[in-house]
Amino acid sequence: MLNKTDYIQNKILAELLEHGAGKGDPIPSRHQLCRKYRCSRTTVERAIRNLVDSGYLCARQGARTYVNEMHPDKRIHTLYLVADTQPSQELSLSLRELLFQGGLSDIQVIGISAGQLSAAFSRICLPGNAVVWLMPSMSSIHIMDFFAASKVPQLLLNRKYKNYSHVITDSKASIREGMEWLIRKGGTEVTLIAQAAGTMHPYQYDRILAFFESAVELGAVLKPDSLFIREFRDIPGEISEIAAALFRREKCPGAIFILGSNLVIPFITASRSFGLNPGEEFKLLCFDHLDSLDGYPGICMLGQRFDQIYQEIQRWIQICLTPEGEAFHSEIKTELIEF
């Protein structure tokens, strides 16, 4: 990821911050740093020169090197928004406007893709920077670990890995509320159609578990032939197969929960091919808000509250430098949308 010089530079900075070094404090000698990090004198000299050029250290000819400025106010100056794909400049500006309405106007917001992080590590790992991950995949956990070791504040949006600070949707409270609606409108016998949890859909672990917990607590009837949890490699074909299995029965299912927004429209299309309309012959609950379903009676959606998520990002920025070991964990219940 990082070359040796950048790695040593960031380690020196991180340890000075960890030990509360202030202006005028001497740093360890070059010999001590070489032994500690098992690297050459040249590498240490380059790392220190970079820190001097950046204004963090002060070096005088023939004298010890001292701390010059370590951002004692501990403010965040630059926020990196990391997404799987490259955020456009327009998206970065829009997110900045959403995040910082009415305050925090001095924070710079930079959008960057996960694939570009390796070239930006040394820049991001400097004091005053923070990272917000936009729904990161599990493959980015090793990068999160590196940032954590470099003392970079980071927040995960709609993902929960290890004990990292996060803002996520409250799956249990959200799905329980939706299930209460579904059982009340469509009956206790509930059908589940869900995208299987995995590396590409890690959030499904919590959501599927929340479904089964809510079903047990609310007295729902779950039959093995009404539970369809799949990877869905061929969505149109597999959804058509599921619709046939459900709607060729003597009794049409009255309550269907689809846990995967990419499955909803194909399922509605398939149900109509059997002459059945969602909201009329059966009640439908789905996770996430789909604009195309607005106005349909008998369809209920669990819309995620992005406005509250943005507010929580603001709150995290205000208090992200909490006591050592304390993380920021926030869960937000969805909005029940029915017509």
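The paragraphs below go through a predicted model of one protein chain, from its overall make-up to single residues.

The protein chain has a mean pLDDT of 87, and 89% of its residues reach 70 or more. Confidence is lowest in helix α4, residues 89-99, where the mean is 64. At the other end of the range is strand β8, residues 190-195, which has the highest value, 98. Where pLDDT is low, the predicted coordinates should not be read in detail.

In secondary structure, the protein chain comes to 11 helices and 14 strands. Of its 339 residues, 48% are buried. Taking contacts between residues at least 6 apart in sequence, 67% join residues that are at least 24 apart.

The walk through the chain can start at the N-terminal helices. Helix α1 covers residues 4-18 and helix α2 covers residues 30-37; their axes lie 12 Å apart and make an angle of about 110°. Because angles of 65 to 115 degrees count as roughly perpendicular, α1 is described as roughly perpendicular to α2. On the α1 side, the contact is made by Lys4, Ile8, Lys11, Ile12 and Glu15. On the α2 side, Leu33, Lys36 and Tyr37 meet them. Sorted by class, the contact of α1 with α2 has 4 nonpolar and 4 charged residues, and no polar ones.

Cysteines come next. The structure holds 0 disulfides. Why is Cys34 not bonded to Cys39? The sulfur of Cys39 is the closest cysteine sulfur to that of Cys34, but at 5.1 Å it is too far for a bond, since a disulfide needs the two sulfur atoms within 2.5 Å. Cys34 has a relative accessibility of 14% and so counts as buried. Cys300 is likewise in no disulfide; its nearest cysteine sulfur belongs to Cys286, 7.8 Å away. Cys300 is buried, with a relative accessible area of 0%.

Helix α7 spans residues 171-186 and contains Ser174. Is Ser174 buried or exposed? Ser174 has 0% relative accessibility, so it counts as buried. Setting aside residues up to four places away in sequence, Ser174 touches Thr169, Leu302, Ile332, Lys333 and Thr334. Among these partners, Leu302 falls within strand β12, residues 299-303.

Ser171 is also found in helix α7. With a relative accessible area of 9%, Ser171 is buried. Beyond residues up to four places away in sequence, Ser171 touches Asp206, Arg207 and Ala210. These partners belong to the stretch 204-218, which is helix α8. Ser171 and Ile208 are 37 residues apart in sequence, with their C-alpha atoms 8.9 Å apart in space.

Ile208 itself is found in helix α8. At 12% relative accessibility, Ile208 counts as buried. Leaving aside neighbours within four places in sequence, Ile208 is in contact with Ala194, Gln195, Ala197, Ile229 and Leu259. Of these, Ala194 and Gln195 fall in strand β8, residues 190-195. Ile229 lies 21 residues from Ile208 in sequence, and the C-alpha atoms of the two are 9.0 Å apart.

Two residues have unusual backbone angles. Most residues other than glycine have a negative phi. Phe232 is not a glycine, yet it has a positive phi of about 55°. Where is Phe232 found? Phe232 sits in the loop between β9, residues 227-230, and α9, residues 235-247. Its relative accessibility is 6%, so Phe232 counts as buried. Asp288 is not a glycine either, and its phi is positive as well, at about 95°. Asp288 lies in the loop that runs from β11, residues 283-287, to β12, residues 299-303. Asp288 counts as buried, at 18% relative accessibility.

The loop between β11 and β12 also holds Pro297. Whereas Asp288 is buried, Pro297 counts as exposed, at 52% relative accessibility. Which residues does Pro297 contact, leaving aside its neighbours within four places in sequence? They are Pro278, Gly279 and Phe339. Pro297 and Phe339 are 42 residues apart along the chain, and their C-alpha atoms are separated by 4.9 Å.

Conventions:
Residues are numbered from 1 along each chain as its sequence is written. This is a predicted model: local features need pLDDT of at least 70, side-chain atom pairs count only at pLDDT 80 or more; totals for chains, interfaces and linings use all residues. Side-chain values use heavy atoms; hydrogens and water are left out. Axes are lines fitted to C-alpha atoms, for helices over the stretch in contact, and angles run from 0 to 180 degrees between N-to-C directions. Helices (H or I, at least four residues) and strands (E, at least two) are DSSP runs, numbered from the N terminus. Angles under 35 degrees count as roughly parallel, over 145 as roughly antiparallel, 65 to 115 as roughly perpendicular and the rest as oblique. Contact means heavy atoms within 4.5 Å. Ala, Val, Leu, Ile, Met, Phe, Trp, Tyr, Cys and Pro count as nonpolar, Asp, Glu, Lys and Arg as charged, and the others, Gly among them, as polar. Buried means under 20% relative accessible area, exposed over 50%, partly exposed in between (1.4 Å probe, protein chains only). pLDDT is the predictor's confidence in each residue, from 0 to 100.
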